[in-house]
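Work through the exercises below with the model open beside you. Try each task before reading its solution.

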Amino acid sequence: MSRIELSLALVILLSFLACRPSLSAPADNSSATPMLAGTVRGAGGEPMEGVTVSAATVGGTITTSVYTDDQGRYYFPATHGGKYRVWAQAVGYQAARVDVELNSKGKARQDFTLTATRDFERQLTSPEWLSALPDEKPDDVRLKLIFVHSCTTCHSAAFALQNKFDEAGWKAILARMETINVYGKAGEPPSPVIQHYKEELVAYLTSVRGPEPSPLKIKPFPRPTGDAARVVVTEFNIPSAANPN
Amino acid sequence: MKLMKTLVLIFYGLSFTTLTGAQTGESSKKEETKVASRSAADVVPLPSIKSLTTAQTAGKKLFVQRCSVCHLPALPSYTAYGPVLDSVVVADRGDEAIRDRILHGSARMPGFQYTLSPTEIDQIVEYLKHLALSKKE
């Protein structure tokens with residue numbers, strides 16, 4: 001094969017490969033595809049940056065999320081027409097939800113106003129829970145580490161701390177936990193670590209997540225700004241019809 | 001001529017890989033369906049959210065997050081710590097007894113009185129009345 005023949009073959013090969021994705025991708029990738037955009041503001045009308053805005057087709061399993069910019073504006077990538085469930089959420093605020101109909105052409109605008117809420121413990125992530133645990137005194141640090149080593153190697157901190165229990169409640173939980181091995185298998189001989197720290201852990205958990213006022217200093221992490229707020233997240237949701245155990 | 005032959009060969013070669021790719025995609029899809037159906041048969045299905053009222057849906061979320069770890073059938077070779085809860089258990093013990101147990105717990109179970117509101121406990125009970133796990137076992 002001559003040099004020219006080889007070059008020609010290579011050009012054809014490359015052009016074929018370049019065209020290949022379009023064979024399987026949806027043909028409708030033109031400027032006519034529907035767009036969704038809008039703004040998110042606080043109750044006082046101020047623009048809110050770094051708020052998560054998510055959209056999912058009604059009955060679908062894919063959720064796309066974007067974040068607002070410093071002017072509170074958000075834009076979704078071009079998508080298919082249809083009925084969408086759209087919601088805006090930020091830790092410390094009540095989520096705002098709407099249904100939006102996107103027709104096959106043109107743009108849709110959906111603005112949100114978020115209202116602050118005091119009851120937002122259930123929105124906290126595990127790192128936010130962990131940073132809320134007191135650690136100013138050496139003894140606080142020690143107990144926090146005992147909690148981390150004993151509980152969060154199997155559970156997320158958000159799961160372990162989601163409930164408030166009294167002393168008897170935490171005792172019942174620790175009595176169960178000390179007999180479960182690292183594979184989640186119950187009925188094992190008591191774990192020496194949890195057994196050793198059981199009393200201290202019960203007292204600690206009753207203090208931070210008990211009926212009395214807690215020393216927790218809950219402070220949500222800052223929302224993403226600048227380039228960090230330009231990310232687009234796509235989630236593929238697995239239907240949860242089956243037994244989660 | 002030689003060039004033409006080369007081009008034809010490349011074209012056939014690429015068409016073949018494209019088709020094979022598509023077929024592999026399809027067969028792996030079938031494989032996924034097989035795996036999914038096998039897993040679904042192994043576990044007890046919970047009612048879909050589509051068949052639930054608003055209160056039952058809220059109850060399902062609470063139950064799955066806070067109660068299911070002890071009160072749903074465990075996977076093979078594991079044992080559920082508490083009684084497996086469903087409509088039969090609620091009918092047998094009565095709504096009030098279930099509410100009281102959720103609130104105050106027992107020697108083996110913590111009480112949720114500092115965490116769940118009366119409305120949330122009602123939602124859990126409403127959801128349990130819709131569960132039919134015992135009948136399927």
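**Exercise 1: Helix H6**

Task: compare the expected span of helix H6 (residues 192-208) of chain A with the distance between its end C-alpha atoms.

Solution. Helices are DSSP runs of H or I with at least four residues, strands are runs of E with at least two, and both are numbered from the N terminus. The expected span is 1.5 Å times one less than the number of residues. For the 17 residues of H6 that gives 24 Å, and the end C-alpha atoms are 24 Å apart, so the two agree.

This is a predicted model: local features need pLDDT of at least 70, side-chain atom pairs need 80 or more, and totals for chains, interfaces and linings use all residues. Residues are numbered from 1 along each chain as written, and chains are lettered from A and ligands numbered from 1 in the order written.

**Exercise 2: Burial in H6**

Task: which residues of H6(A) are buried, and what covers them?

Solution. A buried residue has 20 or more other C-beta atoms within 10 Å of its own, with C-beta atoms placed from the backbone. In H6(A) these are A:Leu201, A:Val202, A:Tyr204, A:Leu205 and A:Thr206. Their cover includes helix H3 (138-151) and helix H5 (167-177) of chain A.

**Exercise 3: The sheet**

Task: what is the strand order of the open five-stranded sheet in chain A?

Solution. Strands pair if DSSP finds at least two bridges between them. The order is E6-E5-E2-E3-E9, with antiparallel pairing. Strands E6 (96-102) and E9 (233-236) are the edges, each pairing on one side only. Inside the sheet order, E2 (residues 52-57) and E3 (residues 62-67) of chain A share five antiparallel bridges. A:Thr52 has A:Tyr67 in E3(A) as its bridge partner.

Terms used. Buried ≥ 20, exposed ≤ 12 C-beta atoms within 10 Å, placed from the backbone. Contact = placed C-beta atoms within 7 Å.
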